[in-house]
Each structure stands twice: as C-alpha cells, then as structure tokens.
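Where does a chain leave space inside itself, and what lines that space? Keep the model open while you read.

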Amino acid sequence: MSQLKDQIIKKSLEMFLTLGFKSVTMDDIAAKLGMSKKTLYTHFKNKQELVAHASLHMCNTICDGVDHIIEQYEDKPIEELYAVKRFVMEEMKGDQTSSIHQLQRYYPEAYKPVHDIKFHYMDSCIKKNVNNGIKLGVYRNNVNPDFIARIYFIGMQGIKDISIFPTNEFPVNDLYDDYLEYHLRGILTPKGRQILNQIINSNHD
C-alpha cells in the first residue's frame, strides 16, 4: 500500500469516528487532506470502498493493540479487561456509538466483515482471559468459557444500541465500566472480587 493511500485511510477513519460514517463526504476528506477530489478517487473508486478499507484498518489496529495489552497483563486477567477497555475507547475516539451505528445502517457490506472479525477475535480473547482467570484463582472454576465469551460479545454489542442506551442518559465511558463490572461480578471468586474492588475504588479516587 502506498504511503498516500495509507494516509487517506487513517485520516478518513479519524473523521468517520469523530463525525460519523454517513456524515463525512469525499469532499470533506479531500479538503482535510489538502488534495483534489480527483486525486482521492484515483486511490478509492467511491466512498463505499474507502469506508471498507478504513473499517478494516480500524479492526486491525485495535486487534494489534489488544494483543500487546494481553502480553503485558498475562497474569492479571481482571486488570487486562480494564486496560483493553481504555485502549479501545481511545482508539474509537470515546467510542462514538452513533458512528458505528451509521456504519452498520448505511454501509452493511463494509460492516459485516468488521462484525465477523470482531466476533471471532473477541471470542478467542475472552476465552483465553477466562481460562487464565480460572487458572489464577480469580474466576470461578465452574464457568463455561465458551458461554462467557459469547454472552460477553452479545452484551458489548447490546450496549452500543443507542435506541436502548441513549448517550444523554448513559454516558459511554460509564456504560462500559458498568457493563465490565456486571460481567466480572458474575464470574469472580472472593480473591477476584478483592482485585475488582481495588480497581473500582482507584478509579473513583
């Protein structure tokens, strides 16, 4: 991939996440990059193609970053989930759920591969996290990692539905914290609850 094409994808993604996938036009992107629309169209035949590339770039960037976090928190599965949450929120510009909603609604062909990648990646990560937590004695040993991974994914998708969780009533950062605590309290051992309470207390300081 050429350096210019990569630059277009990164700047477009930043605009899509901040302003919305539907809201940003090719004119907006060209102006932001200081290039003609003709130059932009030599790299991407239409906005649909650019959205598809930007969405996949978003997925790959997040997956690479999460992989790095998992390596750092190998023996701290509870802390790992909070570190991943912070990283994803930063990458997603605070996770503007309305932007992702626009991607799903107006660009379903671009959204589907993103959704599939996200499911398989998250399924693998959460199963590893649960198995590791069981081994370390912070998660209960009678939970089913396959079930926990899938119910976690469904919950994460569900809280992004702004018709159910409007952002004016449920600020995104608080919503993610609440869901993460809800998820963890269902699988923690007493040892794990002590760690979670320390994290929550430190976040409130």
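Start with the largest cavity, where H7 gives the largest share of the lining, 9 residues. Bear in mind that this is a predicted model. H7 does not act alone in the list of contributors: H4, H5, H7, helix H8 (145-158) and H9 each supply at least two lining residues. The largest cavity holds about 580 Å³ of space. In total, 30 residues line the largest cavity. Closest to its centre are Ile62, Val84, Val88, Lys118 and Met122. What classes of residue make up the lining of the largest cavity? It has 24 nonpolar residues, 1 polar residue and 5 charged residues. How many cavities of 30 Å³ or more are there? The count is 1.

Next, turn to the largest pocket. A pocket is open, whereas a probe placed in a cavity cannot get out. The volume of the largest pocket is about 160 Å³. Its lining is made of 10 residues. Look for Lys10, Leu13, Leu17, His57 and Glu91, which lie nearest the centre of the pocket. Two elements give two or more residues to this lining: helix H1 (3-19) and helix H4 (47-72). By class, the pocket lining splits into 4 nonpolar, 2 polar and 4 charged residues.

Now consider the packing. The largest nonpolar core has 34 residues. Within this core, Phe21, Ile29 and Met58 touch the most other members. Several helices give two or more residues each: H1, helix H2 (26-33), H4, helix H5 (77-91), helix H6 (97-106) and helix H7 (108-136). H4 gives the largest share of the core, 8 residues. H4 also supplies at least two residues of the cavity lining, and H4 is listed for the pocket lining as well.

Finish with H9, which covers residues 172-185. Does its length fit its residue count, or depart from it? At 1.5 Å a residue, its 14 residues should span 20 Å, and the end C-alpha atoms are 20 Å apart, so the two values agree. Which residues of H9 are buried? They are Val172, Leu175, Tyr176, Tyr179, Leu180, His183 and Leu184. These buried residues cover an arc of only 160° around the axis, so they sit on the same side of H9. H9 also brings the path back to the start, as one of the helices that supply at least two residues of the lining of the largest cavity.

How values were computed: Residues are numbered from 1 along each chain as its sequence is written. This is a predicted model: local features need pLDDT of at least 70, side-chain atom pairs count only at pLDDT 80 or more; totals for chains, interfaces and linings use all residues. Side-chain values use heavy atoms; hydrogens and water are left out. Helices (H or I, at least four residues) and strands (E, at least two) are DSSP runs, numbered from the N terminus. The expected span of a helix is 1.5 Å times one less than its number of residues. Buried means under 20% relative accessible area, exposed over 50%, partly exposed in between (1.4 Å probe, protein chains only). The arc is that of the directions from the helix axis to the C-beta atoms. On a 1 Å grid over the protein atoms alone, a cavity is a set of points where a 1.4 Å probe fits but cannot get out, and a pocket is an open set with protein on both sides within 12 Å along at least five of seven lines; lining residues have an atom within 4 Å of a point. Grid points are joined across faces, edges and corners, and a volume is the space filled by probe spheres set on the points. Ala, Val, Leu, Ile, Met, Phe, Trp, Tyr, Cys and Pro count as nonpolar, Asp, Glu, Lys and Arg as charged, and the others, Gly among them, as polar. A nonpolar core is a set of buried Ala, Val, Leu, Ile, Met, Phe, Trp, Tyr and Cys residues joined through side-chain atoms within 4.5 Å.
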